[in-house]
Number of protein chains: 2
Amino acid sequence: MTSLSQLDTPAAIVDVARMHANIQRMRTRMNELGVRFRPHVKTSKCLPVVRAQWTAGAQGVTVSTLKEAEQFFAAGISDILYAVGMTPAKLPKVLALRRQGCQLKIIVDDPAVADAIATFGKTHGEVFEVWIEVDCDGHRSGIHPDDKDRLVDVARRLTGGGMLLGGVMTHAGSSYDLDTPEALEALAGQERAGCVQAAEHIRATGIACPGVSVGSTPTALRARNLVGVTEVRAGVYVFFDLVMHNIGVCRMDEIALSVLTTVIGHQVDKGWAIVDAGWMAMSRDRGTAKQRKDFGYGQVCAVDGTVLPGYLVSGANQEHGIISCENGPGGPDTQIGTRFPVGTQLRIIPNHACATGAQFPEYHALNGDGSTEIWPRFYGW
Amino acid sequence: MTSLSQLDTPAAIVDVARMHANIQRMRTRMNELGVRFRPHVKTSKCLPVVRAQWTAGAQGVTVSTLKEAEQFFAAGISDILYAVGMTPAKLPKVLALRRQGCQLKIIVDDPAVADAIATFGKTHGEVFEVWIEVDCDGHRSGIHPDDKDRLVDVARRLTGGGMLLGGVMTHAGSSYDLDTPEALEALAGQERAGCVQAAEHIRATGIACPGVSVGSTPTALRARNLVGVTEVRAGVYVFFDLVMHNIGVCRMDEIALSVLTTVIGHQVDKGWAIVDAGWMAMSRDRGTAKQRKDFGYGQVCAVDGTVLPGYLVSGANQEHGIISCENGPGGPDTQIGTRFPVGTQLRIIPNHACATGAQFPEYHALNGDGSTEIWPRFYGW
């Protein structure tokens, strides 16, 4: 039995009980809303995590890279949505996966790419299942729900070219900029309405458009209703993080990912403890910098997970983190050397679980009895 | 022969000719200054890159993790400085490497850790070679050069405890905040003077302190003289990046690392092209944000490496980058859809080569004839 004190640091720790509770919370919510759930596995890229999501009733997965599709298909998951716009050069890999039996779905928002998919599919005798990407909030890709001409044009090029239109999908990524229940509910409503409207535009021409897929962790957790939606996608909910805490969709004690680190030195007169979790471990993600509370590179906790209020990773170099207490009336914590002597283990809650996890070849899953086990994860493309 | 057009994107590309020129430039400079050079291999974590540095006369390497030490020792490099403060829990790994013949040097700035090293060394019959870390510019760890008592205290605990004092070392990390030759020259002078002074304080007590090791890429390239210094360390010079360009120590056409990406869509009325290099490929490093020119998540180039002035990666999600033209009198580039159609390959120069490289399992080394080869790199701890 390996406990935290025996691990080399820095190490990425997953609190297994919190992870299961997060999965269960989303499951309950999706059941209440009456929709299927397709978790986005880009957050963990880790089979034991995805297995836990499947055990809790997930139907299919969402991926952000074809490598994720390959890895999870090899592990036995067949129903996969690749939720990044298709480009012709990637079609041979998609074809190879489909020929092995993977029900890989691809997305498109561009008429020329729709044509390229249809041409490639016909050439190779493959009926690709394609979803049309809808832009519900102006944050990134997709066709605007009001742009009926373009929606129908792309749908016709796909179906006229012999491909299967699976449905329409959108992602309300701008939910990351909000932090009140009211604003999130409103955006969830906009996300739902825009995607349903896009489907209706297509259906009005007589083309079947069965699927309506929406999602982001904040909107999934704040949607009042999902009438007309067939499935929801979300990723970071499985771990949560400080950005989600600031948005207001999780408590601090629901965050399942942390980085175990060791104190390696001090600058006592500045109130600094230096730890071996720098930005290589935490990632360079400073997602809380523009939110209601800036947590620097992370919130410091004791090794047992107890939050140490005011102690943040205030600076980071590649393999050095600087821990200090936020400026209070007392100024720098000049007792930090005795508070956290060299060798002290601490845990840091990250800004962004997707970015921090990606820095590590594996998670150490922390069980309720204090034992840990290695959960490998992958990276790259 | 694999050319860029055949690579899956995103991919990390190393321009081999530029890399060799950068290595040669540093070699010439170190020869002029009359010092040994110990490259910091945390930038590449890649054996072919480090071999090129060795072929050009490097003497030893600097590492930021014990994994780097293990990997490069396994590849035949024995003279290794681990330039992150030692903590007692890491001593067994250090011992194991030294017992295999690795001349691994460790650093310390804390009396209690010096004692712990000496005790562990005596217990295991090992004479560790230890260097004392000096804080020349207040940016991170180390003992202040004026703090003679602490310098001598740590030195006595090491040598009195039977360990070998290899020397003193410092890193002028605050050079990243500067951008004029005069300021960099001044900091290089301060780095040199502080480290030499620290050595003199120790030597004045009769303790041998042979080594004086300094370095950062900007100060190494701007130092006027290095009298009293025995070796220089620097890492990012091997590739350079936009941060170094803003600091003023490299031209844009000397930057050897770029990310090959493919256009996957547009939002034409906003003047956006969407590419498949998001922050997972570029890293979340926004090091140019506080410099004289903010390059967003990177400078866009044509696939042949030609810089496309004004075109930046202005936004990034995990697997999506948004390319736009900086606001000029003409507003958004509404011709971007025809300028960069879907499928167009582009290359993005990153803010920070150490952070961007770390996102990839391998580099694709681009030779002068347009062929590429895979150079694996490692990550983790």
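Visitor: What distance lies between the C-alpha centres of domain 1 and domain 2 of chain A?
Guide: In this predicted model, the two centres lie 34 Å apart.

Visitor: What makes these stretches domains?
Guide: Their bounds come from an automatic or database domain assignment. Domain 1 of chain A covers 16-239, and domain 2 covers 252-376.

Visitor: How do you read the names and values?
Guide: Residues are numbered from 1 along each chain as its sequence is written, and chains are lettered from A, with ligands numbered from 1, in the order in which they are written. Local features need pLDDT of at least 70 and side-chain atom pairs count only at pLDDT 80 or more, while totals for chains, interfaces and linings use all residues.

Visitor: What makes up the contact between the two domains of chain A?
Guide: Each domain gives 16 residues. Contact means C-beta atoms, placed from the backbone, within 7 Å. On the domain 1 side, α1 (16-33) and α2 (47-55) of chain A each give two or more residues. Helices (H or I, at least four residues) and strands (E, at least two) are DSSP runs numbered from the N terminus. α1(A) gives the most, with 6 residues.

Visitor: Which overall values describe chain A?
Guide: Chain A has 12 helices and 17 strands. Its C-alpha trace spans about 70 × 40 × 35 Å along the principal axes.

Visitor: How do you know whether chain A agrees with a compact globule?
Guide: Use the radius of gyration, taken over C-alpha atoms, with the globule rule of 2.2 Å times the number of residues to the power 0.38. For 381 residues a compact globule would be near 21 Å; chain A has 22 Å, which agrees.

Visitor: Why is A:K45 given the class it has, buried or exposed?
Guide: Buried means 20 or more other C-beta atoms, placed from the backbone, within 10 Å; exposed means 12 or fewer; partly exposed is in between. A:K45 has 24 such neighbours, so it counts as buried. A:K45 lies in the loop between β2 (36-37) and α2 of chain A. Its phi is near 45 degrees, a positive value in a residue other than glycine.

Visitor: And B:S283, buried or exposed?
Guide: B:S283 has 30 other C-beta atoms within 10 Å, so it is buried. B:S283 sits in the loop between α10 (279-282) and β12 (299-302) of chain B. Phi of B:S283 is positive too, near 80 degrees.

Visitor: Which residues touch the most other members of the largest nonpolar core?
Guide: That core has 261 residues, and A:Y82, A:I117, B:Y82 and B:I117 touch the most other members. A nonpolar core joins buried Ala, Val, Leu, Ile, Met, Phe, Trp, Tyr and Cys residues through C-beta atoms within 7 Å. Not counting residues up to four places away in sequence, B:I117 touches several residues, among them B:M86, B:F128 and B:M163.

Visitor: What relation links chain B to chain A?
Guide: A rotation of 180 degrees with 0.0 Å of shift along its axis superposes B on A, with RMSD 0.0 Å. That is the relation of a two-fold axis. Superposition is by least squares on C-alpha atoms of residues with pLDDT of at least 70 in both copies. In chain B, B:R284 comes closest to the axis, at 2.4 Å (C-alpha).

Visitor: How do you know through which surface the copies meet?
Guide: 100% of the interface residues of chain B are also interface residues in chain A, so the copies meet through the same surface. The contact takes 40 residues from each of the two chains.
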